[in-house]
Amino acid sequence: MTPKAHIVALEEQRRMAMLAGDGAALRALFAADLRYGHSTGAVDTHDSLLTRLTAGEVVYRHLAFEQLVVTMNDDAAIVSGEMHATICKAGEVRQLASRYQAVWLRRGGTWQFCAFQSSKLP
């Protein structure tokens, strides 16, 4: 597997874990210093995002990552793409469409999901 294909596979693991609300899988992917910027301007940390996803505060009913482009060097990768989702939050179903950038850093030989920022699509 090429390095870029490996990063795309990690994004797929993240997507599947978010859909499943799988705390153990997310914990294995997320860096302790994760900063997750939502298109609303809200920012989650490692702990707050894990809590929201595993406690059912935010439930992904559909989640797709599309048009992924990976730019990387030996220890850093930036994934740019589009995210389309259907979520349930506070009993309300919402449709999301955004462009995003995700940052993966290799630390101690392991790739970690370290940063995310999205912007709503028009």
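Two strands are said to pair if DSSP finds at least two bridges between them. With that in place, good morning, and let me turn to the structure above, which is a predicted model.

I begin with the hairpins. Strand 4, residues 76-89, and strand 5, residues 92-107, run antiparallel and are joined by 14 bridges. Within this pairing, A85 stands opposite L96 of strand 5, and M83 stands opposite S98, also in strand 5. The two strands form a hairpin with two residues between them, and A90 in the turn has a positive phi of about 55 degrees.

On the other side of the discussion is strand 3, residues 58-72. Strand 3 and strand 4 pair in the antiparallel sense over 12 bridges, and A64 has H84 in strand 4 as its bridge partner. These strands, too, form a hairpin, here with three residues between them.

How do the strands combine? Six strands form an open sheet in the order 2-1-6-5-4-3, and the pairing is mixed. Strand 2 and strand 3 are the edge strands, each pairing on one side only. From one strand to the next, the twist averages 20 degrees.

I now move to the helices. Helix 1 covers residues 3-20; at 1.5 Å a residue, its 18 residues should span 26 Å, and the end C-alpha atoms are indeed 26 Å apart, which agrees. Helix 1 lies across strand 1, strand 3, strand 4, strand 5 and strand 6, and runs at about 170 degrees to strand 3. Its buried residues are I7, L10, E11, R14, R15, A17 and M18. As background, an α-helix has 3.6 residues a turn, so residues three or four places apart point the same way. After helix 1 comes G21, with a positive phi near 60 degrees.

Which residues of helix 3 are buried? In this helix, residues 46-54, they are H46, L49, L50, R52 and L53. Seen down the axis of helix 3, these buried residues fall within an arc of 165 degrees, so they line one face of the helix. The elements that cover them include helix 1, helix 2, strand 1, strand 2, strand 3 and strand 4. Helix 3 is followed by G56, whose phi is positive, near 85 degrees.

Finally, the aromatic residues. Rings of Phe, Tyr and Trp pair if their centres lie within 6.5 Å, and by this rule the count comes to seven aromatic pairs. One of them is formed by Y100 and F116, which are stacked, at 5.2 Å centre to centre with 25 degrees between the planes. This pair links distant parts of the chain: Y100 belongs to strand 5 and F116 to strand 6, residues 110-120, the two being 16 residues apart. Y100 and F116 are both buried.

Why is the pair of F113 and F116 classed as tilted? Tilted pairs have planes neither under 30 nor over 60 degrees apart. The ring centres of F113 and F116 are 6.4 Å apart and their planes stand at 55 degrees, so the pair is tilted. Both residues fall under the 20% limit for buried: F113 counts as buried because its relative accessibility is 0%, and F116 counts as buried because its value is 4%.

Taken together, ring pairs link F30, Y36, F65, Y100, W104, F113 and F116 into a cluster. Thank you; I welcome your questions.

Key: Residues are numbered from 1 along each chain as its sequence is written. This is a predicted model: local features need pLDDT of at least 70, side-chain atom pairs count only at pLDDT 80 or more; totals for chains, interfaces and linings use all residues. Side-chain values use heavy atoms; hydrogens and water are left out. Helices (H or I, at least four residues) and strands (E, at least two) are DSSP runs, numbered from the N terminus. The expected span of a helix is 1.5 Å times one less than its number of residues. Buried means under 20% relative accessible area, exposed over 50%, partly exposed in between (1.4 Å probe, protein chains only). The arc is that of the directions from the helix axis to the C-beta atoms. Contact means heavy atoms within 4.5 Å. Rings of Phe, Tyr and Trp (its six-membered ring) pair if their centres lie within 6.5 Å; planes under 30 degrees apart count as stacked, over 60 as edge-to-face and the rest as tilted. Axes are lines fitted to C-alpha atoms, for helices over the stretch in contact, and angles run from 0 to 180 degrees between N-to-C directions.
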